[in-house]
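Here's a quick briefing to go with the structure shown below. Have it open while you read, and hop between the topics as you like.

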Amino acid sequence: MYHTDQNKITSFLKNDIKLFSNKNAVTKYDLVVNLKKTKRDKIKNISGKVTRYELNISANLVLKNNTNKKITNKSFNKEGSFDVAKNHFETISNEKIMTSIIMSQLSDEIINFITFSNKNK
C-alpha cells in the first residue's frame, strides 16, 4: 500500500467547497475534513509486474453548526483504478486523472450532504 502527499487533494476539495459556500448565509458552519489517499496493487501479470493500481480516497467530515452548536460526523469513500502505462510519466498522468475524478465525486457528495443537512435543520 502506498500513501501520497495530501496537500493537492486537500486544496482541490477546499477550493471546491469555497466555490459552493455563501458568505451571506444565515447559518454558518465550521468544517473539518480529513483526507486519506491510498494506492495499492490491483492486478499483476504472470511475471508479477503491476499492470493496474487501485486508488482509494476517504474523507472524514466534521460539520459544526455555529448557530446551534450541533456537530455532525460523516465518512465518505471513493475508489477507482488506473492502468500502468509504458512509461512512468504516463502512469503518473493516469493516477492524476483518476485522483481528479475521485475528488470531484467526493466533493459533490460532501456538498450534497452539507446542503441536505442545512435543509433538514
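**Helix α1, then the rest**

Let's start with a length check: helix α1 covers residues 7–20, and at 1.5 Å a residue its 14 residues should span 20 Å, which agrees with the 20 Å between its end C-alpha atoms. Keep in mind that this is a predicted model. From there the tour takes in the strands, the largest pocket and a few single residues.

**The two sides of α1**

- Ile9, Leu13 and Ile17 are the buried residues to look for in α1.
- Looking down the axis of α1, you'll find its buried residues within an arc of 65°, so they line one face of the helix.
- Flip to the other side of α1 and you meet Asn7, Lys8, Lys18 and Leu19, which are exposed.

**β2 with β3**

- Strand β2 (residues 29–44) and strand β3 (residues 50–65) run antiparallel, and 15 bridges join them.
- The two strands make a hairpin, with 5 residues between β2 and β3.
- In that turn sits Gly48, whose phi is positive at about 90°.
- For a couple of landmarks along the pairing, Arg40 has Glu54 in β3 as its bridge partner, while Leu31 stands opposite Leu63 in β3.
- Lys42 belongs to strand β2.
- Lys42 counts as partly exposed because its relative accessible area is 42%, between the cut-offs of 20% for buried and 50% for exposed.
- Lys42 and Leu55 are 13 residues apart along the chain, and 9.1 Å separates their C-alpha atoms.

**β3 with β4**

- Strand β4 (residues 71–83) is joined to β3 by 13 bridges, and this pair runs antiparallel.
- Here again there's a hairpin, with 5 residues between β3 and β4.
- Two pairs help you find your way: Ala59 stands opposite Phe76 in β4, and Leu55 stands opposite Gly80 in β4.
- Lys69 is the residue to click on in the loop between β3 and β4.
- Lys69 is not a glycine, yet its phi is positive, at about 65°.

**The largest pocket**

- The largest pocket holds about 710 Å³ of space.
- Its lining is made up of 22 residues, and those nearest the centre of the pocket are Ile17, Phe20, Ser21, Tyr29 and Leu31.
- α1, β2 and α2 (88–119) are the elements that each give two or more residues to this lining.
- Of these, α1 gives the most to the lining of the largest pocket, with 6 residues.
- Ile17 ties two topics together: Ile17 is one of the buried residues of α1, and Ile17 is also among the residues nearest the centre of the largest pocket.
- Leu31 does something similar for the strands, since Leu31 is listed among the residues nearest the pocket centre and stands opposite Leu63 in β3.
- By type, the lining of the largest pocket divides into 11 nonpolar, 6 polar and 5 charged residues.

**Two residues of α2**

- Glu90 is found in helix α2.
- How exposed is Glu90? Its relative accessibility is 39%, so Glu90 counts as partly exposed.
- Between the C-alpha atoms of Glu90 and Lys23 there are 41 Å, and the two residues are 67 apart along the chain.
- Asn94 also has its place in helix α2.
- With a relative accessible area of 26%, Asn94 is partly exposed.
- Asn94 and Lys74 are 20 residues apart along the chain, and their C-alpha atoms are separated by 29 Å.

Note on methods. Residues numbered from 1 in each chain as written. Predicted model: local features only at pLDDT ≥ 70, side-chain atom pairs only at ≥ 80, totals over all residues. Heavy atoms only, no water. Helix = DSSP H or I, 4+ residues; strand = E, 2+ residues; numbered from the N terminus. Expected span 1.5 Å × (residues − 1). Buried < 20%, exposed > 50% of the residue type's maximum accessible area, 1.4 Å probe, protein only. Arc of directions from axis to C-beta. Pairing = 2+ DSSP bridges. 1 Å grid on protein atoms, 1.4 Å probe; cavity = no way out; pocket = protein on both sides within 12 Å on 5 of 7 lines; lining within 4 Å. Points joined across faces, edges and corners; volume = space filled by probe spheres on them. Nonpolar A, V, L, I, M, F, W, Y, C, P; charged D, E, K, R; others polar.
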